[in-house]
Each structure stands twice: as structure tokens, then as C-alpha cells.
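Me: Hi! Could you walk me through this structure while I have it open?

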Amino acid sequence: GGDRIVTWGDPQSGGDSIAITHQLHKVQQICGTDYAFAALLADGSVATWGVPDYGGDSSRVQVQLRNVQQICGAGNAFAAIRADGTVVTWGVPHYGGDSSRVQDQL
């Protein structure tokens with residue numbers, strides 16, 4: 001309880017969050033994909049862990065993951081809605097992790 005996140009399961013698929021435990025404070029929401037997890041933090045940033053190519057590594061979009069209001073994971077990709085209404089995606093590109101072709105419609 002409290003301000004602590006506990007993870008379990010396959011260590012490589014997000015069951016081990018020890019590498020980012022220092023980031024997991026004031027968590028507002030957690031969601032997952034088949035192989036990764038994302039946590040929305042109180043400051044509007046997002047922390048991710050698990051299989052890098054399946055959303056566990058959000059470094060490609062990390063600069064965009066600010067002022068996030070909500071996150072959602074499905075299958076092999078994540079989406080985040082920012083306060084300004086824009087959507088940021090990451091994960092396996094052909095499973096929704098790359099929304100660049102439709103970004104102007106989001």
C-alpha cells in the first residue's frame with residue numbers, strides 16, 4: 001500500500017520493476033500491454049518498463065510524455081492523452097505504437 005508499487009510475474013515482461021523503482025512515486029494510474037507496463041505519475045509524466053520494443057521503452061517519445069492525463073495499453077502498444085488533447089503512442093509500430101500517419105486526425 002501507500003506510495004509503493006509491487007510488480008510480479010515474468011521479469012522480462014514487466015514483472016520486475018526494480019530498475020525504475022526510483023521513478024515510481026505518486027503513481028496515479030498503471031496499465032499494461034502483453035509485455036510491458038506504463039505508470040502515469042502525479043506530475044503528468046510517464047514511466048515505463050518491460051520488453052523495450054513492446055512499450056517498455058518510451059524514450060523515443062519521452063519528451064512528449066508531459067502533461068499526460070490518461071494512459072492506455074493494448075496488446076503491444078500504449079497511447080497517452082495529454083492535457084492539450086494530443087495523443088502520443090509508442091510500442092510495436094504496426095500494432096498502434098506509431099500513429100504518425102494519422103496524427104493530424106487525433
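**Cysteines, sheet and a contact**

Reply: Happy to! Let's start with Cys 31, which is buried, its relative accessible area being 13%. Keep in mind that this is a predicted model.

Me: Thanks. How many disulfides does a search of the whole structure find?

Reply: The search comes back with 0 disulfides. Cys 31 is in none, and the nearest cysteine sulfur, that of Cys 72, sits 6.1 Å away.

Me: OK, and why is there no bond between the sulfur of Cys 72 and the one in Cys 31?

Reply: Because 6.1 Å is too far for a bond, and Cys 31 holds the closest cysteine sulfur to that of Cys 72. For the cut-off, a disulfide here needs the two sulfur atoms within 2.5 Å.

Me: Is Cys 72 buried, exposed or partly exposed?

Reply: Cys 72 is partly exposed, with a relative accessible area of 47%. Cys 31, by contrast, is buried at 13%.

Me: Back to Cys 31, then. What is its bridge partner in β2?

Reply: That would be Ala 38. Another pair across these strands is Val 27, which stands opposite Leu 41 in β2.

Me: How many bridges join β1 to β2?

Reply: There are 5 bridges, and the two strands run antiparallel, with β2 covering residues 36–41. A hairpin of 3 residues links β1 to β2.

Me: Let's zoom out. In what order do the strands of the sheet come?

Reply: The order is β1-β2-β3, so you are looking at an open sheet of 3 strands with antiparallel pairing. β1 (27–32) and β3 (46–50) are at the edges, and each has a single partner strand, so one side of each is left without a neighbour in the sheet. From one strand to the next, the twist averages 20 degrees.

Me: Remind me, what do strands of a sheet pair through?

Reply: Backbone hydrogen bonds, in either a parallel or an antiparallel arrangement.

Me: New topic: where is Ile 20?

Reply: Ile 20 lies in the segment before β1. Its relative accessibility is 10%, so Ile 20 counts as buried.

Me: Which residues is Ile 20 in contact with, leaving aside neighbours within four places in sequence?

Reply: Ile 20 touches Ala 47, Thr 48 and Trp 49.

Me: And how many residues apart in sequence are Ile 20 and Trp 49?

Reply: They are 29 residues apart in sequence, while their C-alpha atoms are 7.4 Å apart in space.

Me: Great, that helps a lot!

Definitions and conventions:
Residues numbered from 1 in each chain as written. Predicted model: local features only at pLDDT ≥ 70, side-chain atom pairs only at ≥ 80, totals over all residues. Heavy atoms only, no water. Pairing = 2+ DSSP bridges. Helix = DSSP H or I, 4+ residues; strand = E, 2+ residues; numbered from the N terminus. Axes fitted to C-alpha atoms, helices over the stretch in contact; angles between N-to-C directions. Buried < 20%, exposed > 50% of the residue type's maximum accessible area, 1.4 Å probe, protein only. Contact = heavy atoms within 4.5 Å.
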